[in-house]
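The exercises below go from single residues to whole chains. Work each task on the structure before reading its solution.

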Amino acid sequence: MRGLSVKRLFYGLGLAILNVAVIWCAIYLWGVQSYGLLALLLLGALALNALFIFPGGYPYRYLAPAAVFMILLVIYPIVYTVYVALTNYGTGNILTKEQVIQQFENRYVLDPDAGNYTFRVYENAHSDRIFLFTAPDGRLLLGRSGELEDVTGRDEADVIPPGYSELERRDVIRLSTELSALTFEYEEEYQLRMRSASAFALYIKQYSYDAGRDELVDLISGVVYKPVNGAFEAPDGTRLTPGFRIVVGLRNFQRLFGNPQITGPFVRVFLWTITWALLSVGTTFAVGLFLALLLNDPHLRFRRLYRSLLILPYAVPAFISALIWQGLYHTEFGVINRALEFLFDTRVPWLQDPFYAKVALVILNLWLGFPYMMIVCLGALQSINSEMYEAALVDGATTWQQFRYVTLPLLMVSVAPLLVSSFSFNFNNFSVIYLLTRGRPPIPGAQTPAGHTDILISYTYRLAFESGRGVDYGLASAVTLIIFLITGTITFINFRFTGALEDVRENV
Amino acid sequence: MMKRLSGLVVVLTVLLAASSALASVPGELLIWVDSERFPVMQEVGAQFEEEYGIPVRVQEMPFGDIRDNLGVVAPTGEGPDIIIGAHDWLGQLVTDGLLMEIDIADESLFLESSLDAFTWEGKRYAIPYAIEAIGLFYNKALVGETPPDSFEELITIGEKLKEQGKYALVMPQPDPYHTYPFFSALGGYVFAEDEDGVLDPLNVGLANEGAVKGFKLFERLLDEGIMARATAYDTMMSLFQNGDAAFMITGPWAFGDVRSAGVDYGFTRVPSIEGQYGRPFVGAQGFMLSAFTENEVLANIFLNEFIATKDTMLAIYEQDPRPTAFLPAAEIINEDPDMRGVTEAAEYGVPMPAIPAMNAVWTAWSDALELVINGQSTPEEAIKDAVEQIVATIKESM
């Protein structure tokens, strides 16, 4: 009984701390008007509380952390990507319409000919402030609660009421943000606003937004701008920057499929992506398995040493390895070509020729990927019962037959799902491609920026970040969704076809 | 892609931290700087705080991340007042609505080209502190004290070097930025400019007669073995450091590496083609103002009175020597021949276009260079295709 209550106290305390944290975050989210996230947070917190309060929720307690992270790190990004794919989010359209209107409303144009109005500020004990301006033409102006009064010719002691003392420059700078909020109307159209630590100047407000008609009016030229496709547009087609974010529906997808510039290389890129993923998995698995078999042989001396050494390529960050390999592959100065020249008197245009560039990529990926496969296979080999081999030996099986009919099938049970996930990983292996060839060599005469070794994801990157308007998140998200559909389908079919998941379950 | 991810991480961190300590607050200044400028800005910030009682917080982040993080963080109201950045970010940041015009108190204090680089549609967007432009490094031990003035001279020197098994010239390849002097010498340009300095993204002049001529010279240098082929930046650097190449075209960022290798070098402008000097791209770095600042006037005072001073500019220089954009400091800084060389090279340059359409230009242009370097296409063909691709890509996204 006693133990139980301590446990309950512990749970209660933990839940209380969690709830405090949730409420704190909720207040913040409310403050920044992030209502979607707020709703998600509150629902999540409610669900967590329910799990701990109602006994029926007991089994789900252990699933809850995984579910939370799944929602946060997998589902939320997917939902967000879908949302972005339906918007025009990208260079020139990253702010909300309200933010853009606010920026235009706060835009003031300095009247360059009007000159500076030097000023002095006086403050009383209640922090009421009075300004004394000297206009460029020598007039003296008294500024008080937004009103200006011409006091030219009068004495300072005469205009400044008792109890006010002049602020020093030091205090003017300290208070400049507060002081700059004080503005004075000047001859209807002008505003006298703070310009520097010593001067005010005349400004004209440039834009005014009419919420009822949803129009932005240029107060100087009189041009009326209306919101069109995420920017304020004048009747003559001039568009104001910045633009704003709007939902554009399926327009990104239409751009994608309706444009031969983009669809043209799609099939070619897609085929190479599949080839690349298959070759990557195939080569790394073959080499990894071969080495694992060698290292699994108890007669081999220094096994641990070899194993440690062979894991090294996996331990070095791919970013570094890829750059080193780039040097090794150099046609004139690279070590590989120098060796080839010395041995066979030939040079290979590793990164220039479309075929060899692909070979170079597969070799690099083999270097980066075989240790992973080796580790996986080593683990799987350990789990194969040695009695199986004894039985095979009794039946007179050759080494090859042992491998083919005992080792491989049993190995595949645990390794097959990893091969499928490795396929998906390499399908989207952006870093290797980008670091070694950046999708190049280019295709002569191509109308699109796709190179010979571009895979879908690196091609997406080019579309998104090397587009004519700068960065195009909307379009990139649309392509990402399509890639997601493709990999998702392939993975699904793979799992069904290999029956990988079922087998694992039977074995457990 | 990683950058965008890190942007997401920033958002999440900001949301989780829910900390107002990271935001622009009225009456306080928050400044984002890179590691090289961080110590100086901390010092200047502390001085300002001591003198005026205004808290100045300086936050350090990698240079390239500043741009991306600003776009993610500023619209949420959590951004800085002032950032450090490069002029070629201008197009993106201004069209995104992330920057505010700066009221520069005294423009005569700055190198005109640096102000021009930070001008967008007639408005100034930064207090510049440094400029950069590429030029010609030469190894005095190999070619003596006087650098060649024209490519014709350079080729003559190169013929002799070839007999010794050395290259005359190395430069990063394929790299449009470094190759631009070849294109610009005889009249090539990236985007045509109207009288107001506004660029026309559909008028690309990289395949005009002069540009093709320059590009052909580039090909000739490769074919005749005067210039090493397909050298990435690191390969180029080691060839020059080891004395296997006598000339190298690159910029002020290479001074450190060249010096540390003990090469007796000089720096001058890129040689002329048919009597015309190529115009390198001029880059500039400066302090910009976030559109979401709550302290417009205060930040302007801080920049005009505390950053645009000889002391601050010299301190920035000492931390990371770059040619200065601030004329009162130039006299001292340009005593260094390297800095003087870059400043002179920049005088002949043009500001690198900052419009977002440049993203499309770099890719296609770089592909054209690579095709020629690989010998898979002629200069005329390659650059003509590239320009068609650039115009098509820009049109598609308009």
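Helices and strands are DSSP runs numbered from the N terminus, a helix having at least four residues and a strand at least two. The model is predicted.

**Exercise 1. Place A:Val348 in chain A and decide its burial class.**

Step 1. A:Val348 sits in the loop that runs between α13 (335–344) and α14 (354–382) of chain A.

Step 2. The cut-offs needed here are 20 or more other C-beta atoms within 10 Å for buried and 12 or fewer for exposed.

Step 3. A:Val348 has 19 other C-beta atoms within 10 Å, so the residue is partly exposed.

Step 4. Neighbours within four places in sequence aside, the contacts of A:Val348 are A:Asn337, A:Leu340 and A:Tyr356.

Step 5. A separation in sequence can also be set against one in space: A:His330 is 18 residues from A:Val348 along the chain, and their C-alpha atoms are 9.3 Å apart.

**Exercise 2. Do the same for B:Thr343: which element holds this residue, and is B:Thr343 buried or exposed?**

Step 1. B:Thr343 belongs to helix α15 of chain B.

Step 2. The count for B:Thr343 is 21 C-beta neighbours inside 10 Å, and therefore the residue is classed as buried.

Step 3. If residues up to four places away in sequence are not counted, B:Thr343 touches B:Pro323 and B:Asn334.

Step 4. For B:Thr343 and B:Pro323, the C-alpha distance is 6.3 Å at a separation of 20 residues along the chain.

**Exercise 3. Describe how domain 1 and domain 2 of chain B are arranged and joined.**

Step 1. The assignment gives two segments to each: 24–132 and 282–351 for domain 1, 135–279 and 357–396 for domain 2.

Step 2. Taken over C-alpha atoms, the centres of domain 1 of chain B and domain 2 of chain B are separated by 30 Å.

Step 3. The contact involves 14 residues of domain 1 of chain B and twelve residues of domain 2 of chain B.

Step 4. On the domain 1 side, helix α15 (residues 337–347) of chain B gives the largest share, five residues.

Step 5. By class, that side of domain 1 of chain B has five nonpolar, four polar and five charged residues.

**Exercise 4. Characterise the largest nonpolar core.**

Step 1. This core has 160 residues, and the members that touch the most others are B:Ala168, B:Leu169, B:Val170 and B:Ala245.

Step 2. Helix α16 (residues 358–373) of chain B contributes the largest share, ten residues.

Step 3. Beyond four places in sequence, B:Val170 touches B:Met227, B:Ala228, B:Thr231, B:Met236, B:Leu239, B:Phe240, B:Ala245 and B:Met248.

Step 4. Another core lies apart from it and has 57 residues, including A:Val269, A:Ala292, A:Leu368 and A:Phe427.

**Exercise 5. Which radius of gyration does each chain have, set against a compact globule?**

Step 1. Chain A has 508 residues and a radius of gyration of 35 Å, whereas a compact globule of that length would be near 23 Å.

Step 2. The C-alpha trace of chain A spans about 120 × 80 × 45 Å along its principal axes, and 27% of the residues of chain A count as buried.

Step 3. Chain B has 22 Å; with 398 residues a compact globule would be near 21 Å, so the value of chain B agrees.

Step 4. Along the principal axes, the C-alpha atoms of chain B fill a box of roughly 70 × 50 × 40 Å, and buried residues make up 55% of chain B.

Step 5. The domains of chain A are domain 1 (2–62), domain 2 (108–205) and domain 3 (261–507). The C-alpha centres of domain 1 of chain A and domain 3 of chain A lie 43 Å apart.

**Exercise 6. Analyse the contact between chain A and chain B.**

Step 1. Chain A gives 48 residues to the contact and chain B gives 55 residues.

Step 2. Elements of chain A that each supply at least two residues to its side include α1 (2–31), α4 (97–105) and α18 (456–465).

Step 3. The chain A side divides into 18 nonpolar, 21 polar and nine charged residues.

**Exercise 7. Where in chain A is the pLDDT below 50?**

Step 1. Chain A averages a pLDDT of 87, and 96% of the residues score at least 70.

Step 2. The pLDDT is below 50 over residues 504–508 of chain A, a stretch with four contacts in the model beyond near neighbours in sequence.

Step 3. Where pLDDT is low, predicted coordinates should not be read in detail.

How values were computed. Residues are numbered from 1 along each chain as its sequence is written. Chains are lettered from A and ligands numbered from 1 in the order in which they are written. This is a predicted model: local features need pLDDT of at least 70, side-chain atom pairs count only at pLDDT 80 or more; totals for chains, interfaces and linings use all residues. Two residues are in contact if their C-beta atoms, placed from the backbone, lie within 7 Å. Ala, Val, Leu, Ile, Met, Phe, Trp, Tyr, Cys and Pro count as nonpolar, Asp, Glu, Lys and Arg as charged, and the others, Gly among them, as polar. Domain bounds come from an automatic or database domain assignment. A nonpolar core is a set of buried Ala, Val, Leu, Ile, Met, Phe, Trp, Tyr and Cys residues joined through C-beta atoms within 7 Å. The radius of gyration is taken over C-alpha atoms; the globule rule is 2.2 Å times the number of residues to the power 0.38. pLDDT is the predictor's confidence in each residue, from 0 to 100.
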